[in-house]
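This report describes the surroundings of a ligand and the packing of helices. Please consult the sequence and the structure while reading.

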Amino acid sequence: MSKVTARACANIALVKYWGKRDSVRNLPAAGSLSLTLAALITETTVEWDASLPRDELVLNDKAAPADSEFLDLIRSMASFDKRARVISENRFPTASGLASSASGFAALALAASRAAGLALPPRELSILARRGSGSAARSIYGGFVRMHAGTQVDGTDAYATPIETTFSDEVRMVISIVGGGVPKTHGSRDAMEHCAATSPLYRGWIDCVPRDLETAEAAIANRDIQAVGELAEANALAMHASAIAARPAIIYWHPTTLALLALIRELRAKGVAAWATMDAGPHVKVLTTVADAPRVANAVSSVDGVTHTMISEAGGPAEVIS
Ligand code: PMV
């Protein structure tokens, strides 16, 4: 098989990955936990071609620099030296500006390895995707997913595993795009290193993650959305607190982000199920129930500065589509 198309969904962390124990092998300093989202899909086609002088990438119909270092990992596994033609499309609503590294590297890992004739089991795929982006390791699976930090220096125990539950069918994520999806100010890789090196709150952040993972897993096992939501919002705020305390500060929020946080508190006071989480950008993602999702989406879309709103259900695992 020389040309393969794979599809993967992005994911949003409920317990964030924010810090590395090894930046060369891209090993996380702590575990993380996420929900894979059906509304955020990347489709990637890879063809290995011995006649190509260099790797080529077309991303959303435009030529872009190919990640040859990542493709080298597959060349070395497959023991060949062919170059790759990669075509990748983010099937996100237009102008959403959502980060796509998780779905992007998960789809690329699957398409590129399969096109190279490698049938990697999910755990190996998760390890491979992690080399591209830490959050991509989680996008190999659907539903709720747990990423393990591992302790091995070679990273063979730093991979994600799915959390076996049907509870993911009962939740929704409302995604509110702030400011039309302008490019982010600090890429997560550099920002994590900067936080670890300069933030007086970084240690406290890393120390709170194992406890938060336990709480989140217990809440998911109990199908308790309030406990999952409260934990997710608190964890996101702790991650951002460590970034805000870095020197100089890394502040991902816009005034609209804070307006959304206030609105979500008001919704909760009225009995609506709604808990916020934010990543390396100003957008706010709201964990809610199937029943409350339309009301949450309606409320967030009326906030000044929110340019796009979508409701997503849990997505499935990365898969080969042709
Ligand atoms: O996978 P990366 O390197 O883009 O880092 C992801 C960082 C966050 O989105 C902020 C948190 C997470 O766990 O997804």
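## Ligand shell and helix packing

The shell around the ligand consists, by class, of 5 nonpolar, 5 polar and 3 charged residues. Here Ala, Val, Leu, Ile, Met, Phe, Trp, Tyr, Cys and Pro count as nonpolar, Asp, Glu, Lys and Arg as charged, and the others, Gly among them, as polar. The model is predicted: local features need pLDDT of at least 70 and side-chain atom pairs pLDDT 80 or more, while totals for chains, interfaces and linings use all residues. Residues are numbered from 1 along each chain as its sequence is written, and side-chain values use heavy atoms, without hydrogens and water.

Of the 13 residues around the ligand (a heavy atom within 4 Å of it), those that come nearest are Tyr17, Ser133, Ser135, Arg138 and Ser188. The table lists polar contacts, pairs of N or O atoms within 3.5 Å, made with oxygen atoms of the ligand.

| Residue | Polar atom | Distance to a ligand oxygen |
|---|---|---|
| Arg138 | side chain | 2.8 Å |
| Ser188 | side chain | 3.0 Å |
| Gly134 | backbone | 3.4 Å |

On its own the ligand has 380 Å² of accessible area (Shrake-Rupley method, 1.4 Å probe), and the protein covers 90% of that area.

Two packed helices are described by the angle between their axes and the distance between the axes. Helices α5 (residues 202-221) and α6 (residues 225-244) pack at about 165 degrees, their axes 10 Å apart. α5 and α6 are therefore roughly antiparallel (an angle over 145 degrees).

Definitions and conventions
A polar contact is a pair of N or O atoms within 3.5 Å; within protein, one must be able to donate a hydrogen and the other to accept it, and residues adjacent in sequence count only if both atoms are side-chain atoms. Axes are lines fitted to C-alpha atoms, for helices over the stretch in contact, and angles run from 0 to 180 degrees between N-to-C directions. Helices (H or I, at least four residues) and strands (E, at least two) are DSSP runs, numbered from the N terminus. Angles under 35 degrees count as roughly parallel, over 145 as roughly antiparallel, 65 to 115 as roughly perpendicular and the rest as oblique.
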